[in-house]
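Welcome! Here is a short tour for anyone meeting this structure for the first time. Take a look at the sequence and the model, and then read on.

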Amino acid sequence: MVVEADTSKPSSVIPGFMQGQLDNSRGLLPLAVQAQRQGLSSDILWEQVVPLAQDLGREGDQRGKYLLSGISNTGAGKGMTGFWSDLAIVLSQQGDSGVDVIVDAGRYVPGDPRTPLMQMSDSVVVLTRPVLPDLGALIGQLDELKEHLVRVGHGDHLGLVLMDAVVGNYSSRDIERQLGVPVLGKMPWDPSTAAVYSLGVPKAKKFKRTGLSSALTALAASVDTQILDRTKRLGIRPAPKEEVTQA
């Protein structure tokens, strides 16, 4: 399940990857309204998700890939401060049931009301470019985010993903040493392949062999390893999960 929790803009998946095949009648904002009226539960959550484009013919089959789309009214997002804690709990319950949940939180800011989503996550991944202006701007937000994670005993859940810039890239080792956060993966600059996800363009024959596809596969494996190593160290058995293949 992909959750678009970026409150600064409407859904980008429905008009992009799904090419407008669905409207915004279901999603995060209707879920928040429904939760305010009758509380939030797993059943209510699943009423508001939609199948991703390749699974549109699989209604009711929770083994597919699903989307909780972003808010259609960015102004309404400012009034959802009390909603995020409840959503974090219900999403965590999905993870306990064997559903992989990926939350796109967009840009994190100091005092962010969506912090409970990060605190309840098995892995918190921050995307940045490995150049000095971006890294300098990241330090304050990263320190605050680390503090929030440490408070709930999840200080080691944080990691970085580096998106290549044209010039001036710092090495992963230098960044890890300066920021004190592990680098989980690196993304190449590959707009043609990225357009498959951002715009829904057809996959080229060599799609799975592109640098971006390989980097995404490696990142998923790196995050999985981080989580599994932690659960083994703590003596926690992860919930059984359905085998997931790359779309």
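## The second largest pocket

Let's begin with helix H1, which gives the most to the lining of the second largest pocket, with 4 residues. Please keep in mind that this is a predicted model. Helix H1 spans 28-38, and together with helix H3 (83-96) it belongs to the elements that each supply at least two residues of this lining. The pocket has a volume of about 190 Å³.

Which residues line the second largest pocket? They are Ala32, Val33, Ala35, Gln36, Gly39, Leu40, Gly79, Met80, Gly82, Phe83 and Asp86. Sorted by class, this lining has 6 nonpolar, 4 polar and 1 charged residues.

## An enclosed space

Next comes a search of the whole structure for cavities. How many of 30 Å³ or more does it find? The answer is 1 cavity. The largest cavity holds about 40 Å³ of space.

Around the largest cavity you will find Glu4, Asp6, Lys9, Pro10, Ser11, Gly70 and Asp104. Its lining divides into 1 nonpolar, 2 polar and 4 charged residues.

## From strand E5 to strand E6

Now let's turn to the strands. Strand E5 covers residues 124-128 and pairs with E6 in the parallel sense, over 5 bridges. To see a spot where the two face each other, find Leu127, which stands opposite Val161 in E6.

Helix H5, made of residues 132-151, joins E5 and E6 in a β-α-β unit, and this unit is right-handed. Is E6 mostly covered or mostly open? E6 is mostly covered, with 5 of its 6 residues buried.

## From strand E6 to strand E7

Strand E6, residues 158-163, also runs parallel to E7, and 4 bridges join the two. One partnership to look for is that of Met163, whose bridge partner in E7 is Met187.

Here too there is a right-handed β-α-β unit, made by E6, helix H6 (residues 172-179) and E7. Strand E7 itself takes in residues 183-187 and is mostly covered: 4 of its 5 residues are buried.

## Putting it together

Strand E6 is a handy landmark as you explore. On one side of the story, E6 pairs with E5; on the other, E6 is joined to E7. Strand E6 also takes part in the right-handed unit with H5 and in the right-handed unit with H6. For the open spaces, you can return to H1 and H3 at the second largest pocket, or to residues such as Glu4 and Asp104 at the largest cavity.

Conventions: Residues are numbered from 1 along each chain as its sequence is written. This is a predicted model: local features need pLDDT of at least 70, side-chain atom pairs count only at pLDDT 80 or more; totals for chains, interfaces and linings use all residues. Side-chain values use heavy atoms; hydrogens and water are left out. On a 1 Å grid over the protein atoms alone, a cavity is a set of points where a 1.4 Å probe fits but cannot get out, and a pocket is an open set with protein on both sides within 12 Å along at least five of seven lines; lining residues have an atom within 4 Å of a point. Grid points are joined across faces, edges and corners, and a volume is the space filled by probe spheres set on the points. Ala, Val, Leu, Ile, Met, Phe, Trp, Tyr, Cys and Pro count as nonpolar, Asp, Glu, Lys and Arg as charged, and the others, Gly among them, as polar. Buried means under 20% relative accessible area, exposed over 50%, partly exposed in between (1.4 Å probe, protein chains only). Two strands pair if DSSP finds at least two bridges between them. A crossover is right-handed if, with the strands pointing away from the viewer, the path from the first strand over the helix to the second runs clockwise.
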